[in-house]
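Trainee: I would like to take a close look at one part of this model with you. Could you walk me through it in one go?

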Amino acid sequence: MAYSDKVVDHFQHPRNVGSFGTSTDVAKRTDVGVGIVGAPECGDVMQLHIKVNEQGVIEDAKFKCFGCGSAIASSSLATEWLKGKSVDEALTIKNTQIVEELSLPPVKIHCSVLAEDSIRAAIADYRKKNGMAADSATHAATH
Amino acid sequence: MALKLPIYFDHAATTRCDPRVVEAMLPYFSEKFGNSSSRNHKFGWESEDGVELAREQSAALIGANPKEIIFTSGATESNNLAIKGAAEIYAKAPAGQTGRGHIISAIHEHKAVLDPCKRLQREGFEVTFLAPGTDGVITADMVAAAIRPDTILVSIMWANNEIGVINEIPQIGKLCHDKEIVFHTDATQWVGKMPTDVERDHIDLLSWSGHKIYGPKGVGALFVRRRKPRIRLEAIIDGGGHERGMRSGTLNVTGIVGFGKACELCQHEMEHERERVVKFRRKLETELSRRIEVTQVNGHAEKRLPHVTNISFGFVEGESLMMGVKDIACSSGSACTSASLEPSYVLKGLGVGDELAHSSLRLSLGRWTTEEEVDFAIEQIVAAVEHLRLMSPLFDLHKEGVDISKIQWQAH
């Protein structure tokens, strides 16, 4: 299967690879939301770290991914899109937008779903750490 | 000499047709175009001569009599003819009934053996699929333990296509002969690479294919033993009664001529070739294991084909690894590279965890592989694994000392 140029580019030059600390470190940080989705036996695990400032804006995002080329590209793209978005805006990112941007073939749609899931998981973690309901809008966005 | 990229390390999938084979085939397209069954003119005779020479060359490669060679369209057809053809003849009860007889095969056989066996299961035969140990080897003891009074057929591949592991074929053959059970082996990956003697090794039925041995695609052969014991088969393709009535259809003369030439070349060059590629395979395995931590060569350490290696690199996924080694044409057991989105059933059959099955590469070497290519591949694989591990959350957890198998993953 031939991948689109964008997938190949993200694969060869992944954006924002990394983390904001070890799993133990980030578990303690209230400004960091952690999302880990997938499973090794399924062949893909995505880890997303988001750093949220006091205004509820995602200042920085880092990913790590065990998975195929399109899984890596989907998570790399997600970090690009997340930076500078408020937590609520981030929740509007849909897997179909990732599919479109990367021209993913149907067999790779689950990679984009995983990326969307990792965003949701990271935000839920951030909210939980800060005593907010996981699925409601943040305070900043209710204005 | 500059390296020509990409390099081809997928010889277990198919091989380049040897130019000497092509040369032998060329006259049989437009000059010697006769139907080898035309008994009354020169055109027919010269085609028949070509086919009969190929029959001798093929038989010589496996220590058979030329009369014991049936030409087919490839190993898939040979396997189908052997398994379904023998089951039909040696059945204990007529079609439409259950209890028609017992067949023994193994879970990590090629689909061209598994699927005919499964069809026979639906048609009233019972099939035992043996599971190998973690080394991937099917032993004579495993077969002996599965034999029943109603066992009619055993089909065990000589060497596995994904991991290159060699089964105890001569011993299984001997066992089957002692028990008067028909013995078939899919020798697609073995013949042409390793010395074969159907007499010494007690084989009744043996399948192989042209395109794995530097011959053309679309042609293969089935060895059918003629004496001690004489094996009978029910044809699956009926028609003009070609190939002793076992495989009707005008012979693919051009392909068969190429197949024969390919067999002859293998016979002459096998020993030298084996020594060369086994050295390269060992270098690949040793260097990659030395330079990359958490690397596992899958299958038995010694009982393996000279030219095939299957290696799992922990914490990286196979399809992305293949993207990373873009200048090396090879295969992976990763789900993402298969149509079914399931990781390799062969590696799973060995008890290699799903995670390591996703992380595997199969590298298979061949007649034109050079040491320069091997060195290049080592460097590119090392670089790709490093690139991917920098991105791998699993590698981080490993470095933190977390046991990944103990984590509760939320599978999607």
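What radius of gyration does chain B have, and how does that compare with a compact globule of 412 residues? Please start there and then take me into the interior of chain B.

Mentor: Happy to! Keep in mind that this is a predicted model. For 412 residues, a compact globule would have a radius of gyration near 22 Å, and chain B comes out at 23 Å, which agrees. Its C-alpha atoms fill a box of roughly 75 × 55 × 35 Å along the principal axes. Inside that box are 13 helices and 13 strands, and 53% of the residues of chain B count as buried. Looking at contacts in chain B between residues at least 6 apart in sequence, 72% join residues at least 24 apart.

Now for the interior. The largest nonpolar core has 85 residues. Among the residues with the most contacts inside this core are B:Ala87, B:Ile103, B:Leu153 and B:Phe223. Helix H8 of chain B, residues 253–291, is the top contributor, giving eight residues to this core. The core also draws on both domains of chain B, with at least three residues from each of domain 1 (7–12 + 270–392) and domain 2 (19–266). As a general point, nonpolar side chains in soluble globular proteins tend to be buried together.

B:Leu153 is a good place to zoom in. Setting aside neighbours within four places in sequence, B:Leu153 is in contact with B:Ile83, B:Ala86, B:Ala87, B:Tyr90, B:Ile103, B:Ile181, B:Val182 and B:His184. For helix H4 of chain B, residues 75–90, 13 of the 16 residues are buried, leaving the helix mostly covered. The length of H4(B) also checks out: at 1.5 Å a residue, its 16 residues should span 22 Å, and the end C-alpha atoms are indeed 22 Å apart.

Next, the meeting of the two domains. The C-alpha centres of domain 1 and domain 2 of chain B lie 29 Å apart. Their contact takes 24 residues from domain 1 of chain B and 22 residues from domain 2 of chain B. On the domain 1 side, H8, strand S10 (308–313) and helix H10 (345–349) of chain B are the elements that give two or more residues. H10(B) has the largest share, with four residues. By type, the domain 1 side divides into nine nonpolar, 10 polar and five charged residues.

Finally, the partner chain. Chain A has six helices and three strands, which run along the sequence as α-α-β-β-β-α-α-α-α. The radius of gyration of chain A is 15 Å, close to the 15 Å that the globule rule gives for 143 residues, so chain A is as compact as a globular protein of that length. Of the 143 residues of chain A, 46% count as buried.

Where the chains touch, 27 residues of chain A are in contact with 26 residues of chain B. Strand S1 (32–39) of chain A gives the most to the chain A side, with four residues. The chain A side that touches chain B divides into 15 nonpolar, eight polar and four charged residues.

Note on methods:
Residues numbered from 1 in each chain as written. Chains lettered and ligands numbered in written order. Predicted model: local features only at pLDDT ≥ 70, side-chain atom pairs only at ≥ 80, totals over all residues. Core = buried A, V, L, I, M, F, W, Y, C linked by C-beta atoms within 7 Å. Buried ≥ 20, exposed ≤ 12 C-beta atoms within 10 Å, placed from the backbone. Domains from an automatic or database assignment. Contact = placed C-beta atoms within 7 Å. Nonpolar A, V, L, I, M, F, W, Y, C, P; charged D, E, K, R; others polar. Expected span 1.5 Å × (residues − 1). Rg over C-alpha atoms; globule rule 2.2 N^0.38 Å.
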